[in-house]
Amino acid sequence: MADTENKSTTVCSFCKQEPDLDAGRILIQGLDGAFICTECIEECQKVANQYKAKPKKNNAISGDVKPSKILEYLNQYVINQDYAKTVLSVAIYNHYKFLDYKQQDNPAVEMDKSNILLVGPTGSGKTYLIKTIAKMLDVPFAMADATNLTQAGYVGEDPENVVRLLVENANGDIEKAQRGIIYIDEIDKLSRKGENPSITRDVGGEGVQQALLKIIEGSTVEVAPKGSRKHPLAETIKVDTSNILFIVGGSFEGIDKIIEKRQKTNKSGMGFGATVESKTEKSINDYILDVKAEDLKKFGMLPEFIGRLPVIAPLQELSEEALMQILTEPKNALVKQYQELMRVDGVELEFTPQALTEIAKLAQKRKTGARSLRSIIEEVLLPHMFSVPDEEIEKLIITKETVVDKKEPIKEFKSKVEEA
């Protein structure tokens with residue numbers, strides 16, 4: 001009798017209630033002999049849910065990043081190309097809005113993404129524009145050269161490899177990669193010669209367009225994990241490309257003639273109402289901003305491929321004045337970069353206005369736009385970057401003669417008084 005009275009009853013350590021199987025209340029034992037009942041577990045879960053952090057959206061566009069903010073950022077790094085920058089600002093903003101809209105439980109409208117095509121001469125800034133945007137948005141970015149791509153079964157790079165590269169650049173995070181950007185350059189090199197379909201086997205042109213078409217419009221691609229090659233028996237990673245933004249670019253050399261012909265055809269007429277065209281020579285800049293899908297089709301791109309690239313952003317050929325601005329004005333201007341390099345050696349580097357003009361002229365002659373500016377500066381500075389660390393130079397002034405005739409720049413040496 002005494003033993004029965006002294007025996008303690010097991011209760012919940014929180015609510016002190018006894019177990020009740022009829023009420024569905026059971027006890028779960030923890031460490032140190034503590035117990036918790038199922039009712040208290042439910043209450044604890046409710047409290048925890050109130051303080052649980054909401055999962056962050058993997059969103060590249062924050063609430064305050066509007067097209068105007070994207071354009072403002074691009075203007076800090078990219079000179080000219082105002083129309084292309086505006087088109088890209090709107091397209092990028094709309095793309096990430098589209099991704100957020102798709103995440104809704106019951107979206108009212110089924111929307112398609114709008115991939116982008118950049119058309120412009122070599123060195124006009126196509127690749128640089130996309131790299132700058134990817135940097136601003138802090139999203140995974142991958143780039144490929146279309147000339148290295150071939151159809152499956154041929155020696156060369158599989159078009160799906162660029163998706164694998166994107167996953168690698170996202171550190172294996174599939175969800176993050178699926179909100180990234182893929183840029184494919186030199187896409188014009190895949191064009192067939194003329195509008196008529198080719199009846200011969202095509203390793204690197206029309207067939208690659210077809211392969212890319214499937215990836216661009218959205219499909220599930222199986223890629224090999226980092227450090228391994230794709231193999232039928234090997235483990236693969238599945239990536240949905242329907243949310244990846246694809247941007248392709250090319251110089252489309254000669255497309256200005258196609259645009260000119262179309263414009264003349266549209267304006268042609270006879271009699272007193274006929275339009276008389278002046279015989280003044282025009283450049284690609286007079287036509288490129290009017291490029292249309294039909295011009296790209298005549299150039300040799302597949303209509304289905306062009307149809308998956310509804311946003312066309314044309315870039316103009318850079319003028320001598322624009323090349324001079326590129327040298328000095330952007331945040332990462334080339335002159336600023338080399339001045340900083342020289343400053344490390346305690347040397348002040350200066351380019352005279354005439355020297356900058358000559359560098360811009362040389363770049364125009366090479367027909368590679370801004371791309372050749374760095375190589376020209378390297379050629380001019382190379383002997384001096386070699387000797388400066390061994391000389392007591394305070395200031396180095398690059399003149400027109402230094403650029404054109406390879407003459408010695410003006411050097412100002414440190415004074416003996418300063419050394420003392």
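## Exercises on sheets and salt bridges

At 54% relative accessibility, Glu408 counts as exposed. We'll come back to that residue in the last exercise; keep in mind that everything here comes from a predicted model.

**Exercise 1. Work out the strand order of the five-strand open sheet and find which strands stand at its edges.**

Solution. Start with the order: the strands run β4-β5-β8-β3-β9, and their pairing is parallel. Now look at the ends of that row. β4 (141–145) and β9 (311–314) each have a single partner strand, so one side of each has no neighbour in the sheet. From one strand to the next, the twist averages 20°.

Next, zoom in on one pair. Strand β5 (residues 181–185) and strand β8 (residues 245–250) run parallel and are joined by four bridges. If you want a landmark there, take Ile182, which stands opposite Phe246 in β8.

**Exercise 2. Find which strands helix α5 and helix α6 lie across.**

Solution. Take helix α5 (residues 126–137) to begin with: it lies across β3 (116–119), β4, β5 and β8. Its direction is at about 170° to β5. Then move on to helix α6 (residues 161–169), which lies across β4 and β5. Helix α6 runs at about 150° to β4.

**Exercise 3. Describe the open sheet of three strands: its order, its edges and its pairing.**

Solution. The order is β10-β11-β12, and the pairing is mixed. The edge strands are β10 (348–351) and β12 (410–413), each of which pairs on one side only. Here the twist averages 15° from one strand to the next.

For the pairing, check β11 (residues 393–398) against β12: they're antiparallel, with four bridges. Ile393 stands opposite Phe413 in β12. As background, strands of a sheet pair through backbone hydrogen bonds, either parallel or antiparallel.

**Exercise 4. Asp82 forms a salt bridge with Lys85. Say where the two sit in helix α4, and whether each is buried or exposed.**

Solution. Check the distance before anything else: the closest N and O atoms are 3.8 Å apart, and the cut-off for a salt bridge is within 4 Å. Then place the pair. Asp82 and Lys85 are three residues apart in helix α4 (residues 82–102), so about one helical turn separates them.

Last, the accessibility. Asp82 has a relative accessible area of 52% and is exposed, whereas Lys85, with 2%, is buried.

**Exercise 5. Find the parts of the chain that the salt bridge between Arg179 and Asp100 links.**

Solution. The closest N and O atoms of this pair are 3.4 Å apart. Arg179 is in the loop between α7 (174–177) and β5, while Asp100 is in helix α4. That puts them 79 residues apart, so to speak in distant parts of the chain. Both Arg179 and Asp100 are buried.

**Exercise 6. Go back to Glu408: name its salt-bridge partner, then find four residues that salt bridges join into one network.**

Solution. Glu408 forms a salt bridge with Lys411, and their closest N and O atoms are 3.2 Å apart. Lys411 counts as partly exposed, at 22% relative accessibility. As for the network, Arg262, Asp290, Lys292 and Asp295 are joined by salt bridges that share partners. By the 4 Å rule, the count comes to 18 salt bridges.

Terms used:
Residues numbered from 1 in each chain as written. Predicted model: local features only at pLDDT ≥ 70, side-chain atom pairs only at ≥ 80, totals over all residues. Heavy atoms only, no water. Pairing = 2+ DSSP bridges. Axes fitted to C-alpha atoms, helices over the stretch in contact; angles between N-to-C directions. Contact = heavy atoms within 4.5 Å. Salt bridge = Lys/Arg side-chain N within 4 Å of Asp/Glu carboxyl O. Buried < 20%, exposed > 50% of the residue type's maximum accessible area, 1.4 Å probe, protein only.
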